[in-house]
Amino acid sequence: MPLTAKGLEGIVAAETRMSFIDGEKGVLEYVGIPIDDLARRSTFEETTFLLWNKRLPRADELAAFTADLRARYAPPGAAMKLLAGLPTSAQPMHMLRTMVSALAMFDPEPNRNDVPAARVKALNILASTPAIVAAFDRQRRGLAPVAPRADLSFAANFLYMLNGKEPTPTMARAFDACMILHADHGLNNSTFSARVVISTMSDVYSAITAAVGSLRGPLHGGANEDVMKMLNEIPTVAAAEGYIRGKLERKDKIAGFGHRVYKAYDPRATYLKTLAKQLAADTGNTPLYEKSQAIEQVMLREKAAKGIYPNVDFYSATTYHCIGLQLDLFTPMFALSRISGWSGHVIEQLEGNRLFRPDAEYIGPHAAPYTPIEQR
Ligand code: ACO
């Protein structure tokens, strides 16, 4: 009898040395280091080195890795020309998926899948996609792109290219912590998509393109935009309870809650909640944070017994809003961070590849008659 697991729940489909998740206890570690420690003490650059090399860098290694990343901040000029021709009405996730795919065409050897070449491709994609997202957002606001600055960190440089001015150290640090929290998360749907694609020995660009397509779904990374839409729909803190109860009565899912793996509080949400509270206070958005808290309280009362808690997308919405990001840039922000994890998984897959090819259980008829078309 074939084993069928709808949605592949509980199936172990790969080995990884990157992130460990204990969904019952609400634990997340990158290469054994608790996520909370990394969010407080590391940087996105260092965390990416950790995920790609399975160890923390020495100071000289981190300096070299950071310099290499910064040297690749600017996308190829021809890619920027292509970007300039895209409709400004395009949704940023569709634009990002298209542009990651397009980067392959500006690589003289797009199909090289030896691990050293794949790492360079991953570094190029990771380094250059922030400039693409920032330039696209400016383009649709009628503004010229802002060239990257190699003296700025990954997080600060993105906000600089987006807004045309350097972020405050507090904002840059908050965004950096957000990026660390979103960098990797086991064999989630988009990461699995990336590993499935690279397992055919296709190419790194195709794998990351597939992952971007997966992430934008509202059951996955797209949920952070839905959380913000929900917060905008709820007029006051007092209205939150009735709004959520109404949705639950109609059996609607509440965006930003529930997770296939976590049946306890998502540790990323714990950190983001504290960050969201602080940023909301600093930016005059406390009512927004209070609305989030009111929603959480109703959900905990109604759904904690079923293991439904806030996930990473719930408080990231308030956090991104307070950082000043447009609503439709929330999922692209998640993608820019997760390119780190997707790339690490692509490298792991290439290091010990075997083609993914599960079975489907056929549940249709057998030996059915072929009826001629005129008799149907
Ligand atoms: N609101 C209300 N009820 C929920 C929610 C929710 N957000 N999530 C799950 N449930 C309920 C379901 O209705 C179901 O109840 P039932 O057993 O009475 O039918 C039960 O919990 C199990 O839910 P499933 O959808 O079967 O769980 P699954 O593991 O397939 O889905 C998912 C997980 C997709 C994340 C789901 O919780 C969901 O849709 N959440 C909202 C969207 C969201 O926030 N996605 C982001 C996830 S994190 C990330 O990808 C980065």
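**Exercise 1: polar contacts of the ligand**

Work out which backbone and side-chain atoms sit opposite the ligand's nitrogen and oxygen atoms in this predicted model.

*Solution.* Start with the nitrogen side: a backbone N or O atom of Leu-219 lies 3.0 Å from a nitrogen atom of the ligand. Next, try the oxygens. A polar backbone atom of Gly-256 is 2.8 Å from an oxygen atom of the ligand. Then there's Asn-311, which uses its side chain: an N or O atom there is 2.9 Å from a ligand oxygen. A polar contact needs N or O atoms within 3.5 Å, so these pairs pass the cut-off. To round this off, look at cover: on its own the ligand has 920 Å² of accessible area, and the protein covers 69% of that.

**Exercise 2: the shell around the ligand**

Which residues come nearest to the ligand, and how does the shell divide into nonpolar, polar and charged?

*Solution.* First, pick out the closest ones: from the 19 residues around the ligand, His-220, Lys-253, Ile-254, Arg-260 and Lys-306 come nearest. Now sort the shell by type, and you get 10 nonpolar, 5 polar and 4 charged residues.

**Exercise 3: placing Ser-199**

Is Ser-199 buried or exposed, and what does its side chain reach?

*Solution.* Locate it first: Ser-199 is in the loop between helix H9 (189–198) and helix H10 (204–215). Its relative accessibility is 3%, and buried means under 20%, so Ser-199 counts as buried. Now follow the side chain of Ser-199. One partner is the backbone oxygen of Val-196, at 2.8 Å; another is the backbone nitrogen of Phe-356, at 3.0 Å.

**Exercise 4: helix H2**

How many residues of H2 are buried, and what does the backbone do just after the helix?

*Solution.* Run along residues 44–53: 9 of the 10 residues in H2 are buried, which leaves the helix mostly covered. Among them are Phe-44, Phe-49, Leu-50, Leu-51 and Trp-52, but also Glu-45 and Glu-46. Step just past the end of H2 and you meet Lys-54, with a positive phi of about 65°.

**Exercise 5: the segment before E1**

Find the nonpolar surface patch that Leu-8 helps make, then place Ala-13.

*Solution.* Leu-8 belongs to the segment before strand E1 (19–22). Its relative accessible area is 40%, so Leu-8 falls in the partly exposed class. Together with Leu-3 and Ile-11, Leu-8 makes a nonpolar surface patch of about 310 Å². Ala-13 is in the segment before E1 too, and it counts as partly exposed at 32% relative accessibility. Finally, check its C-alpha atom: that of Asn-188 is 11 Å away, although 175 residues separate the two along the chain.

Notes. Residues numbered from 1 in each chain as written. Predicted model: local features only at pLDDT ≥ 70, side-chain atom pairs only at ≥ 80, totals over all residues. Heavy atoms only, no water. Patch = residues over 30% accessible without salt bridge, like charges linked within 9 Å, V, L, I, M, F, W, Y side chains within 5 Å. Areas by Shrake-Rupley, 256 points an atom, 1.4 Å probe, with all protein chains shown as cover. Salt bridge = Lys/Arg side-chain N within 4 Å of Asp/Glu carboxyl O. Helix = DSSP H or I, 4+ residues; strand = E, 2+ residues; numbered from the N terminus. Buried < 20%, exposed > 50% of the residue type's maximum accessible area, 1.4 Å probe, protein only. Near = heavy atom within 4 Å. Polar contact = N/O pair within 3.5 Å; in protein donor to acceptor, adjacent residues only side chain to side chain. Nonpolar A, V, L, I, M, F, W, Y, C, P; charged D, E, K, R; others polar.
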